[in-house]
Amino acid sequence: MSETRTMGPDDYLAAAEYVLGVLEPQERAASERRAQDDPDFAALVAYWEARLSGLAAPVPEVAPSRAVKRSIDRALFGPERRRTRPIFRSVVFWQAASGAMASIAIVLGLLMFTVQERTPPSRAFVAALAPAETDASIVVRIDIHRREVKVRAPALAEWQEALELWLIPKGQPPRSLGLLRPQTDNLLPLSGADVSSVTADGALAISVEPVGGSPTGQPTGPILALGALQQI
Amino acid sequence: MADESTNQVPLQDLIGRVAIGDRAAFDALYARTSGKLFAVILRIVGNRAASEEVLQESYLKIWRNAGKFRRMGASPMSWLIAIARNGAIDWLRRNPDVIVVDDGLDKSIDDAPTPEQMATLSSDVARLYECLDELEPQRAQLIKRAYFTGCTYTELANATKTPVGTVKSWIRRSLLKLRDCIEAMPAARRAKGDAGE
């Protein structure tokens, strides 16, 4: 890494002791100030932080309570941010709000998926999912006849986390439709059990989940995108 | 980039997006990392409610300082962990009367990567454990104990019933040995079986 020319063994040690956390409050405060004022010392601190953070690698994760994220969001973004949490309870709101998106979805869905398909479109549904805070859109088409779910999401091509697609039948808990791969197009099978749950008053959502998908069968991570289903 | 680092790429990108105010990226970063940061904080602070406060402060800092991340050139996880540990240690110093129950701390000290974990660890982390193994077991233990408890030299001396001066010189010598050992193994690639590159 970068050489720290003026730094000697004492400085290495001082940085290491600071990072390890063994200094008394006053010494610690002094090291902290030094790290702010002296880039060479800051580099040594970063060196030790990088090396010693390996100790945390085997530590099993512990989930904090959900209230923590809510208060972080409140502190950073104000109270309106709370809507993202109880999002499933506000599906009705979203359905109304995404009416415009849904008509776009119909057009996009037809353009993208039916043009190259010869099979007469039987019962099919589309949804445009608007990811929070971005203008990228995700279009999902569910073909009941073919029992398949097509997801076109250019924005997800670079996404490296486990993303799960959920069907939210009106008034019922979400049902997982499967995990999305980090690529523009995903094709998921629609299980027979889910067929009857796909209705025009339902919605679709994508959540961020642990690797391998939600451990509980219900969305556990943040909701990335949500949109109403529309029959075509 | 090698396979082992692909895990880091998205975290870096997420932090980059957080730096420009992308809340979705912040949500994703939180979902990905809060479990680890909370575990680290919990070990130092010892009680859940206070740990959650520290975790909250940490993510506020992460949101505000994300722009500084790239400049520091650190790995995303070590940057995040450093923020969490600093918050936890500062909390500990502000609350000197809180007695951290030693229960559970010993457990954390014994944490070592399982063979499966070892296979997924970055070469830097693997190297750290190799070098810890070269220290006398009690010294390695002391370093881990300091790292996971945030105890001062004095507290460590009391806890181990050893004079402060002795604890200090043990830790300092161990740290220098660690550094020398880490620096002496330049690439550690062979351990990962990186034959292609």
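**Entry 1: A:Ser197**

I began with A:Ser197 and found that, leaving aside residues up to four places away in sequence, A:Ser197 touches A:Leu167, A:Pro169 and A:Arg175. I note here that the model is a predicted one. I then looked up where A:Ser197 sits: the residue belongs to the loop that runs between α7 (192–195) and β7 (203–209) of chain A. Is A:Ser197 buried or exposed? I recorded A:Ser197 as buried, because its relative accessibility is 7%, and the cut-off for buried is under 20%.

**Entry 2: Chain B as a whole**

I turned next to chain B. How many helices and strands are there in chain B? I counted 11 helices and 0 strands. Following the sequence, I wrote down the pattern α-α-α-α-α-α-α-α-α-α-α for chain B. Of the 197 residues in chain B, 49% are buried. I looked up the contacts in chain B with a separation of 6 or more, and 67% of them join residues 24 or more positions apart. For the surface, I noted that chain B exposes about 9600 Å², with 51% supplied by carbon and sulfur atoms.

**Entry 3: Where chain B touches chain A**

I then examined the contact between the two chains. The size of an interface is often given as the accessible area lost when the parts come together. For chain B and chain A I found a buried area of about 5400 Å², and carbon and sulfur atoms give 65% of this area. Chain B brings 66 residues to the contact, and chain A brings 53 residues. I also recorded 22 residue pairs in polar contact between chain B and chain A, with both residues at pLDDT 80 or more.

Which elements give two or more residues to the side of chain B that touches chain A? I listed α1 (8–19), α2 (23–45), α3 (48–65), α5 (76–94), α8 (123–134), α9 (137–149), α10 (153–160) and α11 (164–184) of chain B. The largest share of this side comes from α2(B), with 16 residues. I sorted the residues of the side of chain B that touches chain A into 38 nonpolar, 10 polar and 18 charged.

**Entry 4: Salt bridges between the chains**

Side chains of opposite charge can pair when their charged atoms come close. Between chain B and chain A I found 3 salt bridges. One of them joins the side chains of A:Glu17 and B:Arg172, at 2.6 Å from N to O. This pair crosses between chains, from helix α1 of chain A, where A:Glu17 lies, to helix α11 of chain B, where B:Arg172 lies. I noted A:Glu17 as buried, with a relative accessible area of 5%, whereas B:Arg172 is partly exposed at 33% relative accessibility.

**Entry 5: Salt bridges within a chain**

I searched the whole structure and found 14 salt bridges over all chains. In chain A, the side chains of A:Asp11 and A:Arg34 form one of them, at 2.8 Å from N to O. Why does this pair tie together parts that are 23 residues apart in sequence? I found that A:Asp11 lies in helix α1 (residues 9–20) and A:Arg34 in helix α2 (residues 25–37) of chain A, so the salt bridge ties these parts together. A:Asp11 is buried at 16% relative accessibility, and A:Arg34 is partly exposed at 28%.

In chain B, I looked up the salt bridge between the side chains of B:Arg48 and B:Glu52, at 3.8 Å from N to O. Both B:Arg48 and B:Glu52 lie in helix α3 of chain B, 4 residues apart, which is about one turn of the helix. B:Arg48 is partly exposed, with a relative accessible area of 40%, whereas B:Glu52 is buried at 16% relative accessibility. As a last point, I recorded that salt bridges with shared partners join A:Asp11, A:Arg34 and A:Asp38 into one network.

Notes:
Residues numbered from 1 in each chain as written. Chains lettered and ligands numbered in written order. Predicted model: local features only at pLDDT ≥ 70, side-chain atom pairs only at ≥ 80, totals over all residues. Heavy atoms only, no water. Buried < 20%, exposed > 50% of the residue type's maximum accessible area, 1.4 Å probe, protein only. Contact = heavy atoms within 4.5 Å. Areas by Shrake-Rupley, 256 points an atom, 1.4 Å probe, with all protein chains shown as cover. Buried area = accessible area lost by both parts, 1.4 Å probe. Salt bridge = Lys/Arg side-chain N within 4 Å of Asp/Glu carboxyl O. Polar contact = N/O pair within 3.5 Å; in protein donor to acceptor, adjacent residues only side chain to side chain. Nonpolar A, V, L, I, M, F, W, Y, C, P; charged D, E, K, R; others polar.
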